[in-house]
Amino acid sequence: MRRRYLAAALIAICAVSCGSRPGPDLLFPKTGEVPGWSQKGVPRTFEAVVLWRYIDGDAERYVQAGVVRTFTTDYRHTDQFEAVADIHVMRNAAGARKILESESAEGSQPLSLGDAGRHYGASLIFRRGRYFVRLVAYQEAPQMPQDLEDLGRAIEARLR
Amino acid sequence: MNRRDVLKACLAAPFQSAAFQSKSKVVIARDPLLRGPGHSINQPHLLLMLDRALQSFYDRDSAIEAWKRVVKPGEVVGLKVNCLAGRGNSTSVPLVEAICERLQQAGIPRNNIVIWDRLNQDLESAGFRVTERPDRIRYIGNDASGYENELSVYGSAGSLMSKSLTRVCDAVINLPVLKDHGIAGVTLALKSMFGAIHNPNKYHVNVGDPYVADVYMLPPIRQKVRLHICGAITAQYEGGPSYMPQWSWPYNGLIVARDPAALDYTGWQIIEQKRSEKGMKALKDLRREPAYIATAADAQHRLGTNDPRQIERVEV
């Protein structure tokens, strides 16, 4: 009987902890939620120990800053360009700040998004709390910087 | 000129000739009209640029004759692509298509051509369609082809090798891209072979030195890689290895070499020049000078040369 209580307690703890951990389905806007943007494929999740499978050679920087896991998904815009969105969940806000500050600001404009951000034109980065977010476009389009920013704001709203 | 001068000239000539012959040739082909509207790659221009590079490298009048210096009919030829950066700055699909076209014209049937890299997902992300159909050109990640069970060991490196390299391919053409690397300085011909092993994440300490050179010494890599064609169509001078459009520029070129150290040295200098133009610090000042290139060229490794005086740089 005691074992059954113990198992039930463990399941309950697991359920609570899983429920309190927002996954990619909650954090990435779905198709149609941001004008022009549609989500492509299924979001992928990389825990810190296997982040190198996604960004080998760059993963160490995130691990040293305390990344817990990374979510990534692809998007397509009706203006005929594609983009990838990465959300890095760090152990704490200091880790998100460390990643942002480790990147060159060359060619960027400050972006008022989250706690701090930068817009590079074809990509943008921002941090909010323990989240570090990067959006990268693969092609060029006239309205693309604004379109990226719109998508970034929709993601930021989900991190609150 | 007196008798002594004549004697000196006679004695020196063979050595000068030998020195010239021992130089590592690096051909850089560029085409300012490579990109069409919307920055799409103009395939006929790409094919012509590839032909120019190969003909110059092998000193042949025809591209097919040049390719016949690389591969022989009956061989299974692997194209080691680099797809880590997704669609933004991986080995370009049009370049691979152009090489496949020339390989077939040189006598390699399509079912003897294998395009491979770390993961099927990487290949898909870069725009390749994974397929293992035996009657077609095959596209396969190491996660699908598998790794050997026994470690290959050299120096600091101990890794399981991709079966695509060890069992499937007789010859490999390495197709890296020209880009910066946040830890190792740059990632070009030498480091791209990290995609042939199961544990590349173990080898990024100490700016990748001597690991990058040691991995390249592993016998299947050393024995089977015949040529390097670095896709410098889009190049990246900061923020690599992930694709960062803000630090990329259209170099519109290919860099061809057999000597991976000479190619890496040449590519590194191109990246440094761009960094300098952009007012960015040299990699040495950021403590990520790619010292592994010198290690690859040292007396223990002898993978090539990083001495600019021993590199014959040809621009076509």
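Let me start on the outward side of one helix: in chain A, the face of α6(A) turned away from its buried side carries the exposed residues A:Gln146 and A:Ala157. I should say at once that this is a predicted model, and that everything I describe should be heard with that in mind.

On the other side, the buried residues of α6(A) are A:Asp147, A:Leu148, A:Leu151, A:Gly152 and A:Ile155. Seen down the axis of α6(A), these buried residues fall within an arc of 140 degrees, and therefore they line one face of the helix. That is a pattern one can rationalise, because an α-helix has 3.6 residues a turn, so residues three or four places apart point the same way. As for length, the 15 residues of α6(A), at 1.5 Å a residue, should span 21 Å, and the end C-alpha atoms are 22 Å apart, which agrees.

What, then, do the buried residues of α6(A) pack against? They pack against α2 (24-27), β1, β2, β3, β6 and β7 of chain A. The helix, residues 144-158, lies across β1, β2, β3, β5, β6 and β7 of chain A, and runs at about 155 degrees to β7(A).

That brings me to the sheet, which is open, has 7 strands in the order β1-β2-β3-β7-β6-β5-β4 in chain A, and pairs in the antiparallel sense. Its edge strands are β1 (37-47) and β4 (109-110) of chain A, each of which pairs on one side only. Within the sheet, β3 (residues 81-90) and β7 (residues 131-137) of chain A form an antiparallel pair over 7 bridges, and the bridge partner of A:Val89 in β7(A) is A:Tyr131.

How values were computed:
Residues numbered from 1 in each chain as written. Chains lettered and ligands numbered in written order. Predicted model: local features only at pLDDT ≥ 70, side-chain atom pairs only at ≥ 80, totals over all residues. Pairing = 2+ DSSP bridges. Helix = DSSP H or I, 4+ residues; strand = E, 2+ residues; numbered from the N terminus. Contact = placed C-beta atoms within 7 Å. Axes fitted to C-alpha atoms, helices over the stretch in contact; angles between N-to-C directions. Expected span 1.5 Å × (residues − 1). Buried ≥ 20, exposed ≤ 12 C-beta atoms within 10 Å, placed from the backbone. Arc of directions from axis to C-beta.
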